[in-house]
Amino acid sequence: MRAYVVVAVVLVILAAIIFPAVQVAREAARRMQCGHNMQTHCFALASYHDLFHFYPHGAQNRPMDADREKISWGRSWLVALLTFENGHDEFQQINAAEQTRAGSCYTSTEVRSVVSGKKFMFFVCPSSPLPEWQTLTGGKLQVPSYAGIMGATNESGTKWESFTDSRIVGAPYSGQAAGNGMLVINECLPLALDGWANTIVIGEVSDWYFDDAGTKRNPALSIGNAGDIAFDEEAGWLAGNNLRFIDNPRFKENAELPEKVALYVYQDGPPILNNSVCNLITIDQPIGANNRGGASDKAPNWGTKGIGRCGFNNPLLSAHPAGAMVGFLDGHVMLLTKQTSLLILKKLACRDESFAGCDGY
């Protein structure tokens with residue numbers, strides 16, 4: 001009898017030793033897969049640039065008539081990369097569906113039905129606890145774990161601890177939208193050779209955010225229902241933006257370009273309309289900020305400071321214990337820890353060192 005007890009004790013001790021090690025090994029494998037998923041997007045971005053000599057729109061709108069007075073939802077950067085990510089057939093079918101009629105924008109049933117229920121393995125981090133699917137009219141879409149980075153907000157501090165940029169405008173939830181990154185609204189940007197290894201272009205949004213009551217909120221959803229209230233307009237990973245073309249004084253002196261151009265985020269530009277852009281974020285908060293501590297947490301509450309459904313300033317969030325994965329323009333990926341300086345993070349999100357002819361507009 002005593003021998004059985006000894007054996008049982010030994011087994012319990014072994015389990016206590018082995019189980020945490022197994023969990024660590026499994027998380028390491030999941031993080032590696034997450035990095036591979038992100039690298040798939042990064043390589044697709046590089047292939048897109050090799051072909052067209054510029055990166056895709058971060059979020060594009062869609063003119064519905066020749067004079068571009070009527071605007072609907074255009075495509076996201078995720079759609080633009082499909083043909084480079086073993087999604088060539090779906091890309092062709094989406095294009096065909098989008099051309100069926102003027103109303104077939106990237107939130108329409110015609111377009112959405114092409115990929116309804118379609119699972120792209122590289123869209124979702126295997127560590128993410130978030131729901132993988134978003135049920136919308138006409139079908140369901142995956143909820144990607146990765147958002148395009150359109151830049152960063154200003155960071156105040158001393159002379160050596162500050163970051164200031166003029167390419168920032170107001171956005172929903174009292175947040176800000178930036179145009180100083182590489183995946184931006186209605187612009188296709190080229191690449192210079194210097195600094196491209198130090199510019200992040202994709203980041204994780206794959207874990208819960210919390211409100212002060214402790215209720216979990218999904219920061220990865222593109223409009224739709226984020227778990228708080230129903231919303232009357234649906235989007236998803238297909239959708240870019242539905243912003244109207246605007247008068248941009250930057251181009252008024254150029255006779256070859258119309259006064260109404262697609263550029264949207266520039267100095268003294270108009271604020272972004274509520275919930276009009278999807279699948280992009282502007283870096284404003286530290287990595288891992290999630291308000292888990294509720295009212296005592298330093299992180300903003302859900303629905304404030306640009307954080308919320310389709311919030312521009314939703315932070316880089318991940319279920320990986322140490323931080324969040326990010327992808328760089330040169331194709332490499334890495335885990336940025338929660339201890340990463342916010343100033344450094346914002347500088348990594350800005351394209352200045354990699355953008356040819358950046359003039360701070």
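This text walks through a predicted model, taking its cores, helices, strand pairs and two unusual backbone angles in turn.

The largest nonpolar core is a convenient place to begin. It has 53 residues, and the members that touch the most others are Ile94, Ile185, Trp237, Leu238 and Ile272. Two or more residues of this core come from each of H1, H2, H3, H4, E5, E6 and E8. The greatest contribution, six residues, is that of H1. Clustering of this kind fits a general tendency: in soluble globular proteins, nonpolar side chains tend to be buried together.

Ile94 shows how such a member is placed. Beyond its neighbours within four places in sequence, Ile94 is in contact with Val79, Leu82, Tyr106, Val111, Val114, Val115 and Leu238. A second core, separate from this one, has 26 residues, including Ile149, Ile200, Phe328 and Leu345.

Ile94 belongs to helix H3, which spans residues 88-98 and has Glu90, Phe91, Ile94, Asn95, Ala97 and Glu98 buried. These residues lie on the same side of H3, because they cover an arc of only 165° around the axis. The general geometry behind such a pattern is that an α-helix has 3.6 residues a turn, so residues three or four places apart point the same way. The cover over the buried residues of H3 includes E1, E2, helix H2 (77-81) and helix H4 (109-115).

Two of these covering elements are strands that pair with each other. Strand E1 (residues 59-63) and E2 are antiparallel and share four bridges, with Arg62 opposite Ser72 in E2. Strand E2, residues 71-76, is mostly covered, and six of its six residues are buried.

Helix H5 is the other helix to examine. It runs over residues 342-349 and is mostly covered, with six of its eight residues buried. Those six are Leu342, Leu343, Leu345, Lys346, Leu348 and Ala349. Leu345 is also one of the residues in the second core. Which strands do the buried residues of H5 pack against? They are E5 (146-152), E8 (200-204), E13 (280-283), E14 (323-328) and E15 (333-337). At the start of H5, Ser341 places a side-chain oxygen within 3.2 Å of the backbone nitrogen of Leu343.

A further strand pair forms a hairpin. Strand E3 (residues 133-136) and strand E4 (residues 139-142) run antiparallel and are joined by four bridges. Within this pair, Gln134 faces Leu141 in E4. Two residues lie between the strands of the hairpin, and Gly138 has a positive phi near 90°.

Positive phi also appears at residues that are not glycine. As background, most residues other than glycine have a negative phi. His53 departs from this, with a positive phi of about 70°. His53 sits in the loop between helix H1 (2-52) and E1. Is His53 buried or exposed? With a relative accessible area of 58%, His53 is exposed, since the cut-off for exposed is over 50%.

Tyr173 is another such residue, and its positive phi is about 60°. Its location is the loop between strand E6 (168-171) and strand E7 (175-178). Tyr173 has 23% relative accessibility and therefore counts as partly exposed, because buried would require under 20%.

How values were computed
Residues are numbered from 1 along each chain as its sequence is written. This is a predicted model: local features need pLDDT of at least 70, side-chain atom pairs count only at pLDDT 80 or more; totals for chains, interfaces and linings use all residues. Side-chain values use heavy atoms; hydrogens and water are left out. Two strands pair if DSSP finds at least two bridges between them. Buried means under 20% relative accessible area, exposed over 50%, partly exposed in between (1.4 Å probe, protein chains only). Contact means heavy atoms within 4.5 Å. A polar contact is a pair of N or O atoms within 3.5 Å; within protein, one must be able to donate a hydrogen and the other to accept it, and residues adjacent in sequence count only if both atoms are side-chain atoms. The arc is that of the directions from the helix axis to the C-beta atoms. A nonpolar core is a set of buried Ala, Val, Leu, Ile, Met, Phe, Trp, Tyr and Cys residues joined through side-chain atoms within 4.5 Å.
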